[in-house]
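User: I would like to go through this structure with you, beginning with its aromatic residues. Please keep the answers brief.

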Amino acid sequence: MRKQWTKFIGGAAVAVAMTPAHAEIVVGVVTSQTGPVSSIGIPYGRGVNAGYAFANEVGGEKIRMILLEDGSDPSTATKNARKLIEEDKVDILLGTAGTPATSAMVGVATEQRVPMIAFSPVPAVQRLDGTPWAISVPQPPSLMVGVVVDQMHKMGVKNVGFIGFSDAWGDLVYNNLKAAGEPLGMHILTNERYARADTTVTAQILKVVAAKPDGVITGGSGTGGALPYLALAERGYKGPIFGTPALINPDFVRLAGKSAEGLIASTGPIMVLDQLPDEHPNKKIGLAFREAHLKANGVPSNDGFSAYSFDAWLIFIDAAKRALAKAKPGTPEFRGALRQAIYSTSEVVGTHGIYNYRPESHVGTDRRALVLVKLEDGQWKLLK
């Protein structure tokens, strides 16, 4: 019987034949290749392709990967997760783009007792009988926002304007902005929101500018994250602007253009890999990721999101090595062993950070996973 591995290249699904194997680990992946968050989902798909090119077997067991597209729709992500678990009998789930859809998948994975590695940040993971079944790869929003707030404080920003998505991601950024900023004496003047699919934020930005902030930070992502900066520039706002890793992708830079010049954001070290010293702990694997990305997708990596899904693959591979010593793939015992192994991940070096997971926390990075960058002439420069 022929096995199939479906991979995404440039947003298109391509079937690639694989050699039959006596035993295999089945990985189910959901990404957003179309819709409002596809500017994030397409890189996620490419990062998984790179992961498979980097390691397509573990402990002598072949890996079969099944990728489904959710159209940026949380309900479709939920249906895909159920299909992968109930019909394809996957051993683990990976996905997807956007916090709402990712949280929906986490719920299914927990209910079905299948381990999941989330590409997008989620505020929390459900527990079944006190046991968590999912982790999140990106740096926690508390760190993403916290290091930016520290920089704002150093720059003398006291009165802050905020505008973000009217969903879980916007909530995460706003709540962590308040948590980090208020103890430093910052005043959050506005809490303006907009939908991911909106095409204008003029009304919201009028309120932000009218509040006369010392600086503005946004809680958007991908292409939709460009709207506030475009509107701020149209209104003649000249103050400092800030953001999070959710903006670190070429489509944002292309759409925001000159309006985002000078933007300061936090991001993983992979985004300024060539600016890091050779002894930096993430540089070696970062270079390996670049090579695997080019091999798998035919294009070089130029975003931060594909690196997150590549790191998810590294965490999975590390855990699978240990889980195979306890059970065979395709069994509830293996899924349980894989979950335990994931939650005992220790010092796994990735492109964005060094990962450690424990049952008490679904996030695995620390301050080592973030640097500050500044957008200058359309290029992200390490802020020293």
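Analyst: Certainly. Ring pairs connect Y44, F119, F305 and Y308 into a cluster. Please bear in mind that this is a predicted model.

User: How many aromatic pairs does the count come to?

Analyst: The count comes to eleven aromatic pairs. In one of them, the ring centres of Y355 and Y357 are 6.4 Å apart and the planes lie at 5°, so this pair is stacked.

User: Are Y355 and Y357 buried or exposed?

Analyst: Both Y355 and Y357 are buried.

User: Which residue lies over the face of W133?

Analyst: That residue is R339, at 5.6 Å from the ring centre of W133.

User: Let us turn to the strands. What does β5 pair with?

Analyst: Strand β5 runs parallel to β3 (residues 24-31), and eight bridges join the two. Strand β5 also pairs with β4 (residues 57-58), here in the antiparallel sense and over two bridges.

User: Which residues stand opposite each other there?

Analyst: On the β3 side, V29 stands opposite L67 of β5. On the β4 side, V58 stands opposite E61 of β5.

User: And what is found between the strands in the hairpin of β4 and β5?

Analyst: Two residues lie between the strands of that hairpin, and G59 takes a positive phi near 60°.

User: How many residues of β5 are buried?

Analyst: Seven of the nine residues in β5 (residues 61-69) are buried, which leaves the strand mostly covered.

User: Now the interior. How many residues does the largest nonpolar core have?

Analyst: The largest nonpolar core has 123 residues, and those with the most contacts inside it include V27, L93, W313 and F316. Helix α10 (residues 305-323) gives the most to this core, with 13 residues.

User: What does V27 touch?

Analyst: Leaving aside residues up to four places away in sequence, V27 touches I63, R64, M65 and I66, together with V90, I92, L94, W313 and F316.

User: One last topic: where is A180 found, and why does it count as partly exposed?

Analyst: A180 is found in helix α5 (residues 168-181). Its relative accessibility is 22%, and therefore A180 counts as partly exposed; a buried residue would have to be under 20%.

User: Which residues does A180 touch, not counting residues up to four places away in sequence?

Analyst: On that basis, A180 touches G146 and V149. In addition, the C-alpha atoms of A180 and D150 are separated by 8.2 Å, with the two residues 30 residues apart along the chain.

Definitions and conventions. Residues are numbered from 1 along each chain as its sequence is written. This is a predicted model: local features need pLDDT of at least 70, side-chain atom pairs count only at pLDDT 80 or more; totals for chains, interfaces and linings use all residues. Side-chain values use heavy atoms; hydrogens and water are left out. Buried means under 20% relative accessible area, exposed over 50%, partly exposed in between (1.4 Å probe, protein chains only). Helices (H or I, at least four residues) and strands (E, at least two) are DSSP runs, numbered from the N terminus. Two strands pair if DSSP finds at least two bridges between them. A nonpolar core is a set of buried Ala, Val, Leu, Ile, Met, Phe, Trp, Tyr and Cys residues joined through side-chain atoms within 4.5 Å. Contact means heavy atoms within 4.5 Å. Rings of Phe, Tyr and Trp (its six-membered ring) pair if their centres lie within 6.5 Å; planes under 30 degrees apart count as stacked, over 60 as edge-to-face and the rest as tilted. A charge sits over a ring if NZ of Lys or CZ of Arg is within 6 Å of the ring centre and within 35 degrees of the ring normal.
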